[in-house]
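Reader: Could you walk me through this model? I would like to start with one detail and then move outward.

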Amino acid sequence: MNSTIFPPFVSFIPASALIAVVSTLHVAASHFAVGGGLLLYLEERRALKEGDTELLSWLKIASKILMYIFMVFGTSSGMALWLIAGMISPLAATYMVVNFTWIWMTAWAFLVLQASSILFYVSTWDSAPPKLHRRIGLLYFSSALLNLFFINGILSFQLTPSKIREPLNLFKAFFNHTSFPGILARSFMSVWLASLFFLFFLAFYKDCPFRITLAKRLSRVSIYALFLIPAGVVWYGVQTSKASLENFGRVPYLQGLMFSALLLFLVGISLTFFLSVLFPQLYRPLSASLPLVCAVLAFGFCEWTREDLRLPYLVKGAVYANDLDVRRCRDYGEGGFKSEAGFLRLAGEDGGGKLKGRLLFAKLCAPCHTISGINRLDRVFSRVDDEFASALVRKSTFVKAPMPPFPAGDDEARLLSAHITSSAKRLPPHEKGKDVFGVRCGPCHDWDRGYRTLKSDFRGKGEKEAFDMIGSLGSITESMPDWSGSEEERRALASYLSAGSKGGQEK
Amino acid sequence: MNSPYLLPAAPFLLSALSCVFLAVHMLLMNLTLGGTALVSIYLFKSKEKHLTVAEAMARRLPYFMAFTILFGMAPMILSQTLYSPVHFTSAVYLSGTLLLVPAGTLVSYTILFLLSEKWNVLGKARKYLCLIAVFSLGTVVFVFNRLSAVMENLKERDIAAFGVPGGYSISPDYLQAIPRFLFFFLASVAVSGLWVAVWGIMKLNREPEQGRWQYRSGATWFSSATILSMATGFWWLSVMPGDPFKMISGGSVFATTLFIVLSISAAAALAFALLGMNSIKPSFFLRIAAALTIFNIAGMVVMRDLLRLGKLSGFYEPAAQRSSFQWAAFLIFVLCFATVLFFCLDLFNRVRSSRKAR
């Protein structure tokens, strides 16, 4: 499958971002379908017990909306997600489909029941006896939860696989470390999302005491669910491996993402309480949409965090983020990848291997990066010389961000880096020491806090010593490239390192 | 070419299950696509009888669509398992074009729900909405046909997908995708015509005039669309690479026998429909035509599988893939699916009896 390259749709969005958008929408719809089932069942039971006809007639409308979101939007977005994932990461998709075929099929069986029961549920409000109707509602919720249970087992495997070997121990793979914490967190999240969805729909209902009573009840449900979500999330975090959690320090935006998710959770819950309990007169469709938007975004950010904890893998230990087979990468050696990647052979020897460079970028980098859009590479590559750019590509596993290894040889590394540098807007090298540090050292090191810090290595060293040390970088460890920058850059960097190590002013 | 991972069951089991679910999917897909096309035609004709049947059909179409999608998922999973290298390579080759599938599904599904729920409110907009739904559904079917055509032709082409051009260029796949699509589209109109006809028979006692008109109209659509789809079927066979004629004319005993049986049953279904259309008691003829058509759909699924295997032979052989049977997981699936079927049937019976009781 190394022969295939997914052509990026647009140059400023990496393929992974496309998946993120579609999956956020799909996950929101599918979780609403689960939690919505529980709320419908409970509210119908209450309405029948209390003889509340107004609630029953509202539930009839709510169930139709749920059916539409689950059946139409849920299935279409799920289909999009499935197809995009298969195109962007054929190997990872193959791994997940082939190894978990029967689990997918079992989840599908419950999806059939879920769809059948919601269709019956919506179409029998006026014809089925109340007891039977309620049982259909319960059947819908149970099948939705079981569907979630099976899919959650597969998804959690991607981050916390038991042990990658062939044939896979399916039992251990499915009941992996984060399987139960995942289902716990997702179940409460689905109730939380559903209560916010219903609160939003309720905002369109005429202003009357029923509306306020139901809004208060739904907001209570959302608050209870939200208090229980952290239990699942914390358990999930405890079960996630230390190596994966290290990504919080290695992926620059990950901490911010998690913090934003937390903030959105808090804003969402405060708004819900504010609108439905404290100031019901302000509870209108527009204002009711705000907590929902917060919830969907928070949920999306959580999913995004979960995805990036896997880096540099798509399936931990089996498939890299750029769809390379982990085991094969170990065995490639010189020329192994080249002989497998049909596109390199077909690209021929065009003017200086430009096409090869472009195709290598599409295959190896484009799944996560763009040149100058999201997750851009030009910040570093536009200010460095070709030799350094090529070394960065070749030694990709040593950089701070979790990256897959570069599978090909030196020639391919040069072609790929040449493609990146030629596509980026070329800028003159930095003059300030701090900026030179950012470009030359920053990809792999932090200065005094964070990842592979350098401050202690330069403690007590003068500018001349630092200058000499920079000149012999290649001999320090195998992972360090030789210094290939200009003398001016070297002097500026030496001055920065020496002053910084003494706690002096940074230049 | 080989599957990079061990298959979870013997290829034969995966293939057989895929055929069973695909047959159900195809039947429902024919009813959805053809049904929407017929509703559209009836809406443009705008006479009372046409509108009556169009409304009744439109109310049922979202249900058909729901189960078409559901029963399309299972063969998709199974065929991705069985044909993973060729399937995903073809998907990459099609790239952005494949995204028309969820887009078309979303549009058509929304319109079908809208028509079903707001039939009376929509007025004249109905026919145009219905046309959009036919176009969207047609796009979905066309893209899937093209995906299959690309899969089957991987042997002939160099499989390196070169960036963007592969997804959008005019390639030989279209030569097969166009007759293939026309064949499916016309067949779906035929199947839906038969649905209208059989429904007409069921109405004969309650509404004799509407019932009579309906079975005649349905049978007419069935007959004409069947004749046209047979013609496009031969066109499709003639442009298939890898000499499929050889396979169905003695190259493979099973394929040849199946092709002959299917040709006879299609011709017989057509004859029975024509007899039914002109008979005073059409029930017998049209029901036989319906049974033969269902048999034909199932047979076509198997035939398609055989042709694909023939065309991929020597390049990717599903039967030669290594497998390790995940019997426990398979058993869980069988048990869960049986339980689900039981619950679905039980629900159906309970709801029906409660409706009768009312």
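Author: Gladly, and please keep in mind that this is a predicted model. A:Glu54 is a fair place to begin: it counts as partly exposed, at 26% relative accessibility.

Reader: OK, and which residue forms a salt bridge with A:Glu54?

Author: The partner of A:Glu54 is A:Lys206, and the closest N and O atoms of the pair are 3.7 Å apart. A:Lys206 counts as exposed, with a relative accessibility of 52%.

Reader: Where do A:Lys206 and A:Glu54 lie in chain A?

Author: A:Glu54 belongs to helix H2 (residues 53-88) of chain A, whereas A:Lys206 is in the loop between H7 and H8 of chain A, so the salt bridge ties together parts that are 152 residues apart in sequence.

Reader: How many salt bridges does the structure hold over all chains?

Author: There are 26 over all chains. Some of the residues involved form a network, in which A:Arg186, A:Glu303, A:Arg306, A:Glu307 and A:Arg310 are linked by salt bridges.

Reader: What about chain B, say B:Arg59?

Author: B:Arg59 forms a salt bridge with B:Glu55, with 2.8 Å between the closest N and O atoms. Because the two residues are 4 apart in helix H2 (residues 48-82) of chain B, they are separated by about one helical turn. B:Arg59 is partly exposed, with a relative accessible area of 31%, and B:Glu55 is also partly exposed, at 24%.

Reader: And which residue does B:Arg206 meet?

Author: The side chain of B:Arg206 meets that of B:Glu207 in a salt bridge, at 4.0 Å from N to O. B:Arg206 is exposed, with a relative accessible area of 60%, while B:Glu207 counts as partly exposed at 32%.

Reader: Staying in chain B, how do helices H6 and H12 cross?

Author: The axes of H6 (residues 125-153) and H12 (residues 283-312) of chain B come within 8 Å and cross at roughly 35°. On the H6(B) side the contact is made by B:Ser148, B:Met151 and B:Glu152, and on the H12(B) side by B:Arg304, B:Arg308, B:Lys311 and B:Leu312. By class, this contact has 4 charged, 2 nonpolar and 1 polar residues.

Reader: Is B:Ser40 buried or exposed?

Author: B:Ser40 is buried, because its relative accessible area of 3% is under the 20% cut-off. B:Ser40 is found in helix H1 (residues 11-45) of chain B, and, leaving aside neighbours within four places in sequence, B:Ser40 is in contact with B:Lys127, B:Cys130, B:Leu131 and B:Val134.

Reader: Switching to backbone geometry, what is unusual to look at in chain A?

Author: Some background helps here: most residues other than glycine have a negative phi, and most peptide bonds are trans. The peptide bond from A:Leu311 to A:Pro312 is cis, with omega near 5°, and A:Pro312 is found in the loop between helix H12 (285-309) and strand E1 (313-315) of chain A.

Reader: And what is phi for A:Asp323 and for A:Asn375?

Author: A:Asp323 has a positive phi of about 70° although it is not a glycine, and the phi of A:Asn375 is near 55°, which is also positive. A:Asp323 is in the loop between strand E2 (319-320) and helix H13 (326-332) of chain A, where it is buried, with a relative accessible area of 3%. A:Asn375 is in the loop between helix H16 (354-364) and helix H17 (378-381) of chain A and is partly exposed, with a relative accessible area of 33%.

Reader: Which residues make the nonpolar surface patch?

Author: The patch, of about 690 Å², is made by A:Phe171, A:Phe175, A:Phe180, A:Leu184, A:Val234, A:Trp235 and A:Val238. Helix H7 (179-202) and helix H8 (209-239) of chain A are the elements that give two or more residues to it, and H8(A) gives the most, with 3 residues. One residue of the patch, A:Val238, is in helix H8 of chain A and is exposed, with a relative accessible area of 60%.

Reader: Last one: how would you sum up chain A as a whole?

Author: Its secondary structure comes to 22 helices and 2 strands, and its C-alpha atoms fill a box of roughly 85 × 50 × 40 Å along the principal axes. Of the 507 residues in chain A, 59% are buried, and chain A exposes about 21300 Å², of which carbon and sulfur atoms supply 62%.

Methods
Residues are numbered from 1 along each chain as its sequence is written. Chains are lettered from A and ligands numbered from 1 in the order in which they are written. This is a predicted model: local features need pLDDT of at least 70, side-chain atom pairs count only at pLDDT 80 or more; totals for chains, interfaces and linings use all residues. Side-chain values use heavy atoms; hydrogens and water are left out. Axes are lines fitted to C-alpha atoms, for helices over the stretch in contact, and angles run from 0 to 180 degrees between N-to-C directions. Contact means heavy atoms within 4.5 Å. Ala, Val, Leu, Ile, Met, Phe, Trp, Tyr, Cys and Pro count as nonpolar, Asp, Glu, Lys and Arg as charged, and the others, Gly among them, as polar. Buried means under 20% relative accessible area, exposed over 50%, partly exposed in between (1.4 Å probe, protein chains only). Patches are made of residues with over 30% relative accessible area and no salt bridge: like charges are joined within 9 Å, nonpolar side chains (Val, Leu, Ile, Met, Phe, Trp, Tyr) within 5 Å. Accessible areas come from the Shrake-Rupley method with a 1.4 Å probe; for residues, only the protein chains shown count as cover.
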